[in-house]
Amino acid sequence: MTTRATQGPDVGRSPLLTVAQAGEYLGTGERFIRRLITERRIAYVKVGKYVRLERSTLDTFVDAGRVHSQR
């Protein structure tokens, strides 16, 4: 049995989160995450019938909305 860490190209990928886990990670509700997915404002992965999000995608979304101070 091989582990994910030794499988080559997937080494740099962040773990996949459920919609509920993504909402908890961002400090929002599950409904907000589902709206982002529906509006195609955030990339997601389909694993069969399940929707999953990469943590790095969520980090990129947060960074895109960051407003820097003027000081």
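Biologist: What makes β2 and β3 a pair of strands in this structure?

Modeller: In this predicted model, three bridges join β2 to β3, which spans residues 50-54, and the two strands run antiparallel. At least two bridges are required for a pair, so the three bridges between β2 and β3 satisfy the requirement. One bridge partner in β3 can be named: Tyr50, which is matched with Val47.

Biologist: What is found between the strands in the hairpin of β2 and β3?

Modeller: Two residues lie between the strands of this hairpin, and Gly48 takes a positive phi near 65 degrees there.

Biologist: How do you know that β1 and β3 pair?

Modeller: The same test is applied. Two bridges connect β1 and β3 in the antiparallel sense; since at least two are needed, the pair counts. Within this pair, Leu17 stands opposite Leu53 of β3.

Biologist: Why are β1 and β2 said to stand at the edges?

Modeller: The three strands form an open sheet with the order β1-β3-β2 and antiparallel pairing. β1 (16-17) and β2 each have a single partner strand, so one side of each is left without a neighbour in the sheet. As for what packs on the sheet, α3 touches β1 and β3, and its direction makes about 60 degrees with that of β3.

Biologist: Where do these strands fall in the chain as a whole?

Modeller: The chain has three helices and three strands. Along the sequence they follow the pattern β-α-α-β-β-α.

Biologist: Why is Thr57 called buried?

Modeller: Thr57 has a relative accessible area of 18%. The term buried applies under 20%, so Thr57 meets the condition and is buried. This residue lies in helix α3, residues 55-64. Leaving aside residues up to four places away in sequence, Thr57 touches Ile42 and Ala43.

Biologist: Is Arg40 buried or exposed, and how do you know?

Modeller: The relative accessibility of Arg40 is 63%. The limit for exposed is over 50%, so Arg40 counts as exposed. Arg40 is found in the loop between α2 (30-38) and β2 (45-47).

Biologist: What makes the phi of Arg40 worth a remark?

Modeller: Its value is near 55 degrees, which is positive in a residue other than glycine. Most residues other than glycine have a negative phi. A positive phi also follows α1: that of Gly27 is near 75 degrees.

Biologist: How do you know that the buried residues of α2 are on the same side?

Modeller: The buried residues of α2 are Ile33, Leu36 and Ile37. They cover an arc of only 100 degrees around the axis, and therefore they are on the same side of α2. On the other side of α2, Arg31 and Thr38 are exposed. The buried residues of α2 pack against α1, β3 and α3.

Biologist: What can be said of the buried residues of α1?

Modeller: They are Val19, Ala22 and Gly23. Their arc around the axis is only 100 degrees, so they too are on the same side of α1. What covers them includes β1, α2, β3 and α3.

Biologist: Why is the set that contains Leu17 and Leu58 called a nonpolar core?

Modeller: A nonpolar core consists of buried residues of listed kinds, among them Ala, Val, Leu and Ile, joined through side-chain atoms within 4.5 Å. The largest core here has 10 residues: Leu17, Val19, Ala22, Ile33, Leu36, Ile37, Ile42, Val51, Leu53 and Leu58. Each of these is an Ala, Val, Leu or Ile, so the residue kinds agree with the term.

Biologist: Which elements supply at least two residues of this core?

Modeller: α1 (19-26), α2 and β3 each do so. The largest share, three residues, comes from α2.

Biologist: What does Leu53 touch, not counting residues up to four places away in sequence?

Modeller: The residues in contact with Leu53 include Leu17, Val19, Ala22, Ile33, Ile37, Ile42 and Leu58. Pro15, Thr18 and Tyr44 are also among them.

Biologist: How many residues of the chain count as buried, expressed in %?

Modeller: Of the 71 residues, 20% count as buried. The accessible surface of the chain comes to about 5,700 Å², and 50% of it belongs to carbon and sulfur atoms.

Methods
Residues numbered from 1 in each chain as written. Predicted model: local features only at pLDDT ≥ 70, side-chain atom pairs only at ≥ 80, totals over all residues. Heavy atoms only, no water. Helix = DSSP H or I, 4+ residues; strand = E, 2+ residues; numbered from the N terminus. Buried < 20%, exposed > 50% of the residue type's maximum accessible area, 1.4 Å probe, protein only. Contact = heavy atoms within 4.5 Å. Axes fitted to C-alpha atoms, helices over the stretch in contact; angles between N-to-C directions. Areas by Shrake-Rupley, 256 points an atom, 1.4 Å probe, with all protein chains shown as cover. Arc of directions from axis to C-beta.
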